[in-house]
Amino acid sequence: MTNSEIVDLLELTGRLMELHEHDAFRTRTITSAAFNLDKSTADLANLPVEELVKLPGVGKSVAQKIREIAETGRLTELDELLTQTPSGVMDMFRIKGLGVKKIGTLWRELGITNLTDLQQACETGQLAKIKGFGTGTQDKILAALEYLQEQSGKVRMDKAAMMATMLHDELTKHFNRVEISGQVRRKAQEVDRVQLLVETNDPVSAMLTLNSLPNLTHNKPESSPFAWRGHLEGFDVAVELLLYPAEQMDRQLFIQTAAEPHLQQVGAGGVSLLQAAYTGRDASETAIYERAGLPYVVPEMREDDFAFRWAARHRTDELVTWDDLRGTLHNHSTWSDGKQSVAEMANYCRELGLTYFGIADHSKTASYAGGLDAERVRQQQLEIDQLNAGYGADFRIFKGIESDILGDGSLDYDNATLATFDYVVASVHQTLNMSLEKATTRLLRAIENPYTTILGHPTGRLLLAREGYPIDHKVIIDACAEHNVVIEINASPYRLDIDWRWIDYAMQQGVMLSINPDAHSFAGLLDMHYGVAIGRKGGLTKKMTFNTLTVQQMANYFENRRAQIGKK
């Protein structure tokens with residue numbers, strides 16, 4: 001069991017204890033322990049009780065629960081709570097803004113035990129009549145329900161990649177060749193079908209083999225003699241395994257990877273890509289594009305005709321790659337809500353071959369995340385000076401902050417404090433329900449602030465969980481161009497924000513984009529792989545990627561900005 005799996009089970013136990021109105025002290029003990037353990041770097045599954053009780057917020061009772069989870073993968077108390085809770089009530093926890101107390105009220109006072117009943121209660125106005133809800137809350141819940149319905153049956157890019165890799169590793173034990181294709185190979189940010197191609201000259205035997213594999217559930221009505229369809233245990237998204245003979249694998253890998261609008265593009269050869277794929281002996285992807293009379297397009301960009309419009313101005317080898325990245329600029333540490341210290345995060349960056357690490361812990365408004373007030377900023381910067389003194393010229397920690405954009409668009413430090421940073425990532429974390437006009441105006445004011453270096457996760461979206469607040473992207477990007485503000489591609493697979501569809505427009509306006517992991521741990525730094533994938537999907541070039549600058553170029557950039565601010 002990983003730390004996150006253990007913490008998740010403890011958190012769920014705490015929520016259900018609160019839902020069932022168990023002893024408040026015991027409930028707080030578990031929830032506070034889960035909160036503290038979420039930041040722990042200790043290997044929880046391998047610690048004995050006597051070591052676990054030394055961790056912050058962990059008493060003997062919680063330590064024993066951790067041992068039970070580590071040894072059995074379950075928690076008896078949680079199992080009992082789950083049997084007392086309708087599955088539909090559990091689904092309500094997925095609704096943003098609907099806390100445990102409100103869920104308990106809906107269940108006990110209205111007898112609502114599933115999302116369908118909840119939607120009907122909203123649509124008939126019943127919910128608004130309950131004390132503590134009102135029309136505003138009712139409308140927000142209804143909007144959240146509609147959003148969840150739209151996202152049903154999908155998973156994020158990271159989960160889809162994990163599923164595809166698991167399936168690939170299992171299938172290669174039984175078949176000579178297996179290829180990941182479809183949306184996963186295309187690096188779609190949300191995936192509703194995990195698809196793999198399986199080489200076989202005996203589809204009947206292949207089907208028998210697939211149906212014998214553990215954790216795979218066959219959907220026979222949706223399948224055919226050459227296509228196994230079903231689900232992987234524990235995941236809601238569809239799985240499709242297509243069976244082809246060896247001579248068809250290359251051709252079908254191309255066809256199944258590309259989206260339909262891309263396959264329909266017609267080139268100088270007078271035939272579509274799909275037609276070109278089915279003609280000619282050479283089934284390699286480069287040969288297919290050549291037969292169609294079209295430039296080669298990398299898998300990530302095979303969505304529609306955008307790739308060919310982009311190709312009129314760029315070459316494929318201009319696209320950013322992981323190896324092009326020289327550093328990382330949006331990261332958190334134990335100074336706020338990160339799991340590792342500044343030194344530990346910086347040293348891990350060095351191990352990754354990066355030449356700079358930018359710390360951007362939460363600012364003072366984010367008290368829920370241990371945000372830094374001005375005094376703690378000063379203390380952290382002293383620590384960074386000491387760390388930098390121990391590095392040579394080939395590595396540096398840059399002093400940044402993720403400053404909250406307040407409701408009126410101002411940043412949450414005075415200018416004297418803002419001036420102490422090398423750079424500022426300005427982000428919205430609160431009041432996410434503004435109108436398009438107000439949300440856009442708020443961001444514009446933040447962009448106009450001379451201390452704003454990078455606009456962080458511009459829409460605040462959480463993929464498959466929360467829509468971003470509405471903004472006028474063109475107006476925001478144009479303002480960033482005018483004020484020399486970099487736009488973040490938040491590489492967390494939960495965000496991937498700014499959306500890839502706006503990357504090309506930003507580049508055309510001369511706005512650089514920074515692939516920022518928003519890392520809270522070592523693992524989070526690797527999320528830049530997702531950011532690179534989404535950047536490439538949107539046509540991001542190395543030249544327009546901010547964190548491809550060398551450590552000296554980045555230092556010069558920050559110094560020049562400070563000089564410009566000083567002249568104003």
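Which residues are buried in helix 5 (residues 76-83)? In this predicted model, they are E77, L78 and L81. These residues cover an arc of only 100° around the axis, so they lie on the same side of helix 5. An α-helix has 3.6 residues a turn, so residues three or four places apart point the same way. The buried residues of helix 5 pack against three elements: helix 1 (3-19), helix 2 (24-37) and helix 4 (60-72).

A mixed sheet was examined next. Five strands, in the order 2-4-7-6-5, make up this open sheet. Its pairing is mixed. The edges are taken by strand 2 (178-181) and strand 5 (216-218). Each has a single partner strand, so one side of each is left without a neighbour in the sheet. On average, neighbouring strands are turned by 30° against each other, direction ignored. Strand 2 pairs with strand 4 (residues 193-199) in the antiparallel sense, and 4 bridges join the two. Within this pairing, I180 has L196 of strand 4 as its bridge partner.

Two helices are placed against these strands. Helix 12 (residues 203-212) lies across strand 5, strand 6 (227-232) and strand 7 (238-244). Helix 12 runs at about 150° to strand 7. Helix 13 (residues 249-257) also packs on the sheet, where it touches strand 2, strand 4 and strand 7. The direction of helix 13 makes about 170° with that of strand 4.

Helix 13 contains Q252. With a relative accessible area of 4%, Q252 falls under the 20% limit and is therefore buried. Beyond its neighbours within four places in sequence, Q252 contacts L197, Y244, T257 and Y278.

The other sheet is parallel. Seven strands form this open sheet in the order 8-9-10-11-12-13-14. Strand 8 (327-328) and strand 14 (513-516) are the edge strands, and each pairs on one side only. Strand 8 and strand 9 (residues 356-359) are joined in the parallel sense by 2 bridges. In this region, G327 stands opposite Y356 of strand 9. Helix 19 (residues 374-389) lies across strand 9 and strand 10 (396-404). Its course makes about 160° with strand 10.

Nonpolar side chains were then considered. In soluble globular proteins, nonpolar side chains tend to be buried together. The largest nonpolar core here holds 101 residues. Within this core, F357, L513, I515, L540 and F546 touch the most other members. Helix 26 (residues 551-567) gives the most to this core, contributing 6 residues. A further core of 47 residues lies apart from it, and its members include I6, L75, I130 and L148.

L540 illustrates the contacts made in the largest core. Leaving aside neighbours within four places in sequence, L540 is in contact with E318, L319, V320, I489 and I503, among others. Its list also includes M507, L513, I515, G535 and T545.

Cysteines complete the survey. The disulfide count is 0. C122 has 4% relative accessibility and so counts as buried. C480, at 1% relative accessibility, is likewise counted as buried.

Definitions and conventions. Residues numbered from 1 in each chain as written. Predicted model: local features only at pLDDT ≥ 70, side-chain atom pairs only at ≥ 80, totals over all residues. Heavy atoms only, no water. Core = buried A, V, L, I, M, F, W, Y, C linked by side-chain atoms within 4.5 Å. Buried < 20%, exposed > 50% of the residue type's maximum accessible area, 1.4 Å probe, protein only. Contact = heavy atoms within 4.5 Å. Pairing = 2+ DSSP bridges. Axes fitted to C-alpha atoms, helices over the stretch in contact; angles between N-to-C directions. Arc of directions from axis to C-beta. Disulfide = S-S within 2.5 Å.
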